[in-house]
Amino acid sequence: MAIRIKDFTEKESPLTNGHRMCPGCGAPTAVHQGLMGVESPVVVVNATGCLEVSTTVYPFSSWRVPWIHTAFENAGAGVSGVEAAYVALKKRGKIDKEIKFVAFGGDGGTYDIGLQSLSGALERGQDFTYICYNNGGYMNTGAQRSSATPKGANATTSPAGTASAGKPQKPKDLTAIVEAHHIPYVAQTTLFNATDVAEKVKRAVETPGPAFVNILVPCVLFWGIDPSLQQDICKLAADTRFWPVYEVVDGVWKLTYKPKKRVPIEEFLKPQARFRHLFKGDGSKAMLEEIQADVDADWQVILDRCGETWEV
Amino acid sequence: MPRREITSGNWAFAEAMRQINPDVVAAYPITPSTDIPMKFADFVANGKVDTNFVTVESEHSAITASITASAAGARVMTASSANGVALMHEIFPIAGCFRTPIVFGLVNRCIGAPINIHCDHSDSMAERDAGWIHLYCEDAQEAYDTAILAIRLAEHKDVLSPVFVCQDGFITSHGFEPVEILEDSTVKAFVGERDADFPLLDVDNPVTYGSFAMSEYYFEIKRQQVEAMKNVLKVYDGVAKDYEAVSGRFYPKLDRYRTEDADFIVVVMSSASGVVKDVVDELREQGIKAGCLRVRMFRPFPADEVAEILAGAKAVAVLDRALSIGGTAPLAAEIKSALYDCGKNIPVQSCVYGLGGRDFFPQYARELFMDLAAGKVSREERYLGLLE
Amino acid sequence: MKDRGNSAEMGKPKKWQDVPMGGIAFGSSAEAVETGQWRSMRPVWDGEKCISCLLCWNQCPDRSILTDGNGKVTGIDTFYCKGCGICAHICPKKAIEMRPESEFTGPGAGAKGE
């Protein structure tokens, strides 16, 4: 399953140049890396959001593969429909190619408004891969909070102010919710190294049945980071254990990245302007402690699930 | 040989679906259309069809999956009613825009609140602007025939638009009556195979559906949909004649019942037409020149033909089985508009009846005709069968 | 030279009949969009220092690192590069340096070249 980057430099990505995603955005990198190792032709279904809007400003489409967008909350149902058509037409001898089906949704269209549609598609056991590019907010409409937004983040519908330290709730564990559908492959990853996203998505797409990959990606504008820090911030997310990197294959949990040192959560939060308020004044200390406590507790849960210990 | 059986509107529609054997059906149950996916599931389970039947988890997902399957190149059918149709509202215009020729069994039931499972047209009327063709069926035979005809109409290259085949909830959908069912081979030959223009599954010729279209393009894309609807008016009769050739039954856009020399015409849709037609016959016996115009095609609305039919009347009443609260009821609005555009200043009485399944009795029709004859027509909306 | 797309040729339609049915877009038409115009900083690649590790190629959101047929980096695709600086930052050999775009375009440009 190991991916060698060099093998893919001449392979055309399903996503072309000329898209309008922001400079340094993590989403197109995730798309390029994720689909790099997929050998079969793919059809992409995309929920409304940054990726959808910025790659298909009519008449300029950045998709080299068949692509369809209908609405925000229904990528799960959308990919179900295309896959159902494929199965039907293949059975009737009208198609003989092997084609794979990939749905993209942001955390908005996946964790929140699109959760039902995703759940239904997973439950039906159809053969598709759903990739969530998770930048922790409804970024396309101006960084409103989603259930994936980190605790303490300044989001435009849970702003930090004199009466608030930002979003009060910790992020929803969607990957676990998806795993509870008992589908054959579930993974959580980020752009922290050169190959993890490519390997996990390849495995997801090649696994028959429903598969899900939750990829944490930065939003340069609304995380408030320098665009060049794309990989760095993802590495911090993994190293601080804010975003554990793991996969679940047929119900068996496997931790695929174990940080070598204990890195405090502040290291992930400090480079991001959306957490700036947590480093001013005493009032935010409590919030920082809560965030660290959440990370530690959730990490322990992952360790237990994966049958791992962590001595640092 | 065609066979005759006693069946319901729902089962007749499902039987048409069996004979059409679409590639994909994605459907969710809701009273009173539930029988359609249930009957169809039975066909699937017993190998009577080899359709890919997707048991989606909501109506919104049903219509979404239907559109993406159709855009992928599959022939798709589904069914729903009432609040299920309302839940699909967001997505219907997308089917219209993408030109996906879905045939949809819309079993008319009122939209809540109050929650009520019985018939009125508030569900389909709320979708009259979505870019779908609307055909309203009077009885189970018509529902069966229209389902089959609609496939050819929807997939016609100059049309390529989705179709609602409407029938009255419970009244038609659950009422049992004799229906002539064509032979499987006749239906199969009539509908043929779908030849999709820009299928997603043609991976060698990738297409992008659902781009973000700014103000420089949106209007033009919509104008094309308007043109497709205009084309329906041109091609429909040809498709209906082709259907007549295999079935012996011709379904016009507008069903004229003794309207040619009528002084007083009642305009109505779906099952209540039967009541009106009976009363027309009664009144004709008494020397009153009554007539009934049953509108079968509501979208596109054949305004010119309607105006022609009503041109000679002294007074017209329009029966709407839906309100447009705060405005003119949908069918009445179309009728008044058609007459106005043709310079016909005929008095039109707008009436609303049958909401939430309230029965429509012959005496309401009788009283209505008598009022028209007595010149009792006003611009005030009237409510037939309301306690007042 | 890459084919820069086809729906681009549509330009502004003169009438509604010219717009493809269903708002469907074709081909990789975005290839006609010169996102390079967004740049305020330009990556300057030093072929001498580059070891073609491809970390930059792999992380670029805009696939704007040019390679030959054998996985060797040959330069930056300035038609598309948005100047985010990921490549310069990720390079283990400091083979890419971000310079102000004004050194290359606009008045007083041309002094350094690509």
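**Figure 1. Cys166(B) and its closest cysteine neighbour in the predicted model.** In this predicted model, the sulfur of Cys166(B) lies 7.4 Å from the closest cysteine sulfur, which belongs to Cys137(B), and this separation is too far for a bond. A disulfide would require the two sulfur atoms to be within 2.5 Å, so the pair Cys166(B) and Cys137(B), at 7.4 Å, is not joined. Cys166(B) has a relative accessibility of 0% and therefore counts as buried. Over all chains, the structure holds zero disulfides.

**Figure 2. Cys60(C) and Cys84(C), a cysteine pair without a disulfide.** Cys60(C) takes part in no disulfide, and the nearest cysteine sulfur, that of Cys84(C), is found 6.1 Å away. With a relative accessible area of 12%, Cys60(C) is buried, because the cut-off for that class is under 20%.

**Figure 3. The fold of chain C.** Chain C is built from two helices and five strands, and when these elements are followed from the N terminus on, their order is β-β-α-β-β-α-β. The chain has 114 residues, of which 50% count as buried, while its accessible surface amounts to about 5,600 Å², with 52% of that surface belonging to carbon and sulfur atoms. If one takes the contacts in chain C between residues at least 6 apart in sequence, 58% of them join residues that are at least 24 apart.

**Figure 4. Arg42(C) in strand β2 of chain C.** Arg42(C) is part of strand β2, which covers residues 41–45 of chain C. Although arginine carries a charged side chain in the usual drawing, the view here concerns its cover and its partner: Arg42(C) has a relative accessibility of 9% and counts as buried, and its side chain is joined to that of Glu101(C) by a polar contact of 3.0 Å.

**Figure 5. The interface of chain A and chain B.** The contact draws 42 residues from chain A and 43 residues from chain B, and the two chains bury about 3,300 Å² between them, 63% of which is on carbon and sulfur atoms. On the side of chain A, the residues that lose the most area to chain B are Tyr58(A), Arg92(A) and Arg124(A), which together account for 19% of what that side buries.

**Figure 6. Salt bridges and polar contacts between chain A and chain B.** Five salt bridges are found across the interface of chain A and chain B. One salt bridge links Arg92(A) to Asp50(B), with the closest N and O atoms 2.4 Å apart. Between the two chains, 21 residue pairs are in polar contact, counted where both residues have pLDDT 80 or more. The elements of chain A that give two or more residues to the side touching chain B are α2 (50–55), β2 (56–57), β4 (67–68), α3 (75–91) and α5 (115–124). The largest share of that side, eleven residues, comes from α3(A).

**Figure 7. The surroundings of Cys97(B), with a contact to chain C.** Cys97(B) is located in helix α5 of chain B, which comprises residues 92–98, and at 14% relative accessibility it counts as buried. When its neighbours within four places in sequence are left aside, Cys97(B) is in contact with Ile221(B), Lys222(B) and Gln225(B), and also with Gly22(C). The C-alpha atoms of Cys97(B) and Gly131(B) are separated by 7.4 Å, although these residues are 34 residues apart along the chain.

Terms used: Residues numbered from 1 in each chain as written. Chains lettered and ligands numbered in written order. Predicted model: local features only at pLDDT ≥ 70, side-chain atom pairs only at ≥ 80, totals over all residues. Heavy atoms only, no water. Buried < 20%, exposed > 50% of the residue type's maximum accessible area, 1.4 Å probe, protein only. Helix = DSSP H or I, 4+ residues; strand = E, 2+ residues; numbered from the N terminus. Contact = heavy atoms within 4.5 Å. Areas by Shrake-Rupley, 256 points an atom, 1.4 Å probe, with all protein chains shown as cover. Buried area = accessible area lost by both parts, 1.4 Å probe. Salt bridge = Lys/Arg side-chain N within 4 Å of Asp/Glu carboxyl O. Polar contact = N/O pair within 3.5 Å; in protein donor to acceptor, adjacent residues only side chain to side chain.
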